[in-house]
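Visitor: I'm new to this structure and I'd like a close look at just one part of it. Could you start with a single hairpin and show me what surrounds it?

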Amino acid sequence: QVQLVESGGGLVQTGGSLRLSCAASGRFFSNYDMGWFRQAPGKEREFVAAISWSGGSTYNEGSVKGRFTISRDNAKNTAYLQMNSLKPEDTAVYYCAAGLLRNSAIIVQQWGQGTQVTVSS
């Protein structure tokens, strides 16, 4: 099992960029597909993006397509979420997840603790 720690969140203005990192400890990081989710105040947690264990396949939620890019570096046991053209509606706690991809959906086996992203208007 892996343990996940997110970093890189913060306060940014509309149109700005942030890169979130998810550092994994434990064994077999490259065996896991990885994903990012977010939860805004008063809303349910929602899927943002996912990447296969090899990095060969990626999936994005519709509202972030063209703005967010998920990637991973298996040599560094780290997954990333590059977020560009940020909007106030992107404000949320962002969670990293490790699991298994099935039909473009990720079955989560492990969550990180989350990192806050706030986009000011």
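How many residues sit between β4 and β5 in the hairpin that they form, and which residue in the turn has a positive phi?

Guide: There are six residues between β4 and β5, and G42 is the turn residue with a positive phi, about 75°. Before we go on, a word on how to read this: it's a predicted model, where local features need pLDDT of at least 70 and side-chain atom pairs need 80 or more, while totals for chains, interfaces and linings use all residues. Numbering runs from 1 along each chain as its sequence is written, and side-chain values use heavy atoms, without hydrogens or water.

Let's stay with that hairpin. Strand β4 covers residues 33–39 and β5 covers 46–51; strands here are DSSP runs of E with at least two residues, helices are H or I runs of at least four, and numbering starts at the N terminus. The two strands are antiparallel and joined by five bridges (two strands count as paired once DSSP finds at least two bridges between them). If you'd like a landmark in that pairing, find W36, which stands opposite A49 in β5.

Now follow β5 onward. It's also antiparallel to β6, residues 58–60, with three bridges between them, and I51 has T58 in β6 as its bridge partner. These two strands make a hairpin as well, again with six residues in between, and here G55 takes a positive phi near 85°. G55 lies in the loop between β5 and β6. With a relative accessible area of 31%, G55 counts as partly exposed, since buried means under 20%, exposed means over 50%, and partly exposed is what falls in between (1.4 Å probe, protein chains only). Although G55 and S30 are 25 residues apart in sequence, their C-alpha atoms are 9.5 Å apart in space.

Back to our starting strands for some charged side chains. R38, in β4, forms a salt bridge with E46, and the closest N and O atoms are 2.7 Å apart. (A salt bridge here is a side-chain nitrogen of Lys or Arg within 4 Å of a carboxyl oxygen of Asp or Glu.) The two partners differ in how covered they are: R38 is buried, at a relative accessible area of 6%, whereas E46 is partly exposed, at 33%.

R38 has another partner too, D90, with an N to O distance of 2.9 Å. That pair links distant parts of the chain: D90 is in the loop between β8 and β9, 52 residues away from R38. D90 is buried, just as R38 is. D90 in turn meets R67 in a salt bridge at 2.7 Å, N to O. Here again distant parts are linked, with R67 in the loop between β6 and β7, 23 residues from D90. D90 and R67 are both buried. Put together, R38, E46, R67 and D90 form a network of salt bridges, and a search of the whole structure finds three such bridges.

For contrast, take a look at R72 in strand β7. R72 is buried but has no salt bridge; D33, the nearest side chain of opposite charge, is 5.1 Å away (Lys and Arg count as positive, Asp and Glu as negative, and His and the chain ends aren't counted).

What else lies around our hairpin? W36 is among the residues with the most contacts inside the largest nonpolar core, along with M34, L81, M83 and Y94; that core has 28 residues. Both β4 and β5 are among the strands that each supply at least two of its residues, and β8 and β9 are also on that list. A second, separate core has five residues, including A50, A97, L101 and I106. By a nonpolar core I mean buried Ala, Val, Leu, Ile, Met, Phe, Trp, Tyr and Cys residues joined through side-chain atoms within 4.5 Å.

One last stop is an open sheet of four strands, paired antiparallel in the order β1-β3-β8-β7. Its edges are β1 and β7, each pairing on one side only. Inside that order, β3 and β8 are joined over six bridges, in the antiparallel sense, and A23 stands opposite T78 in β8.
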